[in-house]
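User: I'd like a close look at one part of this model, please. Take it slowly, and tell me what your terms mean as you go.

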Amino acid sequence: MHGNNRSRLSYKVAYAIRNPDRIAGYVRRRGRDTLLWLATQDHVSYYRAVMRSDSGRSSDAAVGSESRESWLRIGQLQFDYLLGHGLKPGMRMLEIGCGNLRGGRLFIDYLDAGNYYGTDISPDILLAAQRTITQFGLQRKLPHLSLVDDLRLEFLPDECFDVVHAHSVFSHSPLPVIEECLAHVGRVLAPAGFFDFTFDRTQGAEHQVLREDFYYRTETLTGLAERYGLVARFMADWEQTGHAQSRIRVTRPG
Ligand SMILES: C[S@@+](CC[C@H](N)C(=O)[O-])C[C@H]1O[C@@H](n2cnc3c(N)ncnc32)[C@H](O)[C@@H]1O
């Protein structure tokens with residue numbers, strides 16, 4: 001599975017033969033994405049427009065969950081994993097690309113009031129995140145939600161976060177966007193803090209599909225983190241969860 005190159009014509013043809021009912025949807029999406037790309041050109045503006053279009057249909061679908069059951073399950077998976085890795089209520093957490101709080105609502109509920117910070121490039125999904133806070137009665141937890149244009153994290157203080165988390169964000173990011181994050185995340189990490197991110201892993205050629213889904217080799221991302229003085233390791237235990245993406249943890253040296 002990690003060796004499949006989804007951008008290859010042979011893959012697309014074989015997939016279409018196996019899933020004829022999905023051809024019309026793919027063609028529609030390709031047409032829409034081409035128009036959005038022509039109208040925007042830089043990745044963040046483009047992806048913001050994709051999120052606007054997707055969340056107009058359903059904010060759960062916009063973050064990758066076609067059903068509420070899936071939304072609840074993937075959120076729980078994120079939460080259970082970090083709980084098993086020592087998350088405590090008194091910790092401060094930054095979630096990059098928080099979406100409509102699929103995992104975030106559980107982190108907000110668990111952490112002490114004011115300890116959750118979520119950022120996203122999409123105003124539409126941040127409005128949906130506010131609705132999630134209301135829906136789950138989390139107002140008293142005073143979560144911070146911020147709209148961002150880039151991943152420089154300049155508005156956040158040094159050494160502030162015990163946990164930084166980005167689930168299913170780098171799977172939608174070209175390498176310069178990931179590099180920008182890795183160049184700056186070390187500054188906001190507490191000395192013993194960690195930054196976990198998931199990514200679509202390939203063991204073959206790196207590729208992208210519709211500028212929406214990006215596939216990387218593990219060594220590319222660990223190497224990039226190391227270039228910015230960080231320590232990076234592949235999280236083998238995450239593979240046991242059965243989630244389609246893989247996970248890397250980044251820490252400060254020493
Ligand atoms: C697939 S959704 C996942 C949302 C959330 N992490 C979750 O697991 O439900 C990806 C989210 O990342 C956001 N995003 C994409 N690129 C981003 C970037 N460069 N900085 C911050 N957020 C980004 C999108 O707007 C979207 O809300």
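What is the volume of the second largest pocket?

Analyst: The second largest pocket has a volume of about 160 Å³. Here a pocket is an open set of points, on a 1 Å grid over the protein atoms alone, where a 1.4 Å probe fits and protein lies on both sides within 12 Å along at least five of seven lines; its volume is the space filled by probe spheres set on points joined across faces, edges and corners. This is a predicted model, with local features needing pLDDT of at least 70 and side-chain atom pairs pLDDT 80 or more, while totals for chains, interfaces and linings use all residues. Residues are numbered from 1 along each chain as its sequence is written, and side-chain values use heavy atoms, leaving out hydrogens and water.

Now for the walls of that pocket. There are 11 lining residues, and Arg30, Gln208, Val209, Leu210 and Arg211 are the closest to its centre (lining means an atom within 4 Å of a point). Both α2 (23–40) and β6 (207–209) supply at least two of the lining residues, with α2 giving the most, 4 residues. Those labels are DSSP runs numbered from the N terminus: helices are H or I of at least four residues, strands E of at least two. Sorted by class, the lining has 4 nonpolar, 3 polar and 4 charged residues; charged means Asp, Glu, Lys and Arg, nonpolar means Ala, Val, Leu, Ile, Met, Phe, Trp, Tyr, Cys and Pro, and the others, Gly among them, are polar.

To place the pocket in the whole chain, α2 and β6 belong to a set of 10 helices and 9 strands. The chain's radius of gyration is 18 Å, close to the 18 Å from the globule rule for 254 residues, so it is as compact as a globular protein of that length (taken over C-alpha atoms; the rule is 2.2 Å times the number of residues to the power 0.38). Along the principal axes, the C-alpha atoms fill a box of roughly 50 × 40 × 35 Å.
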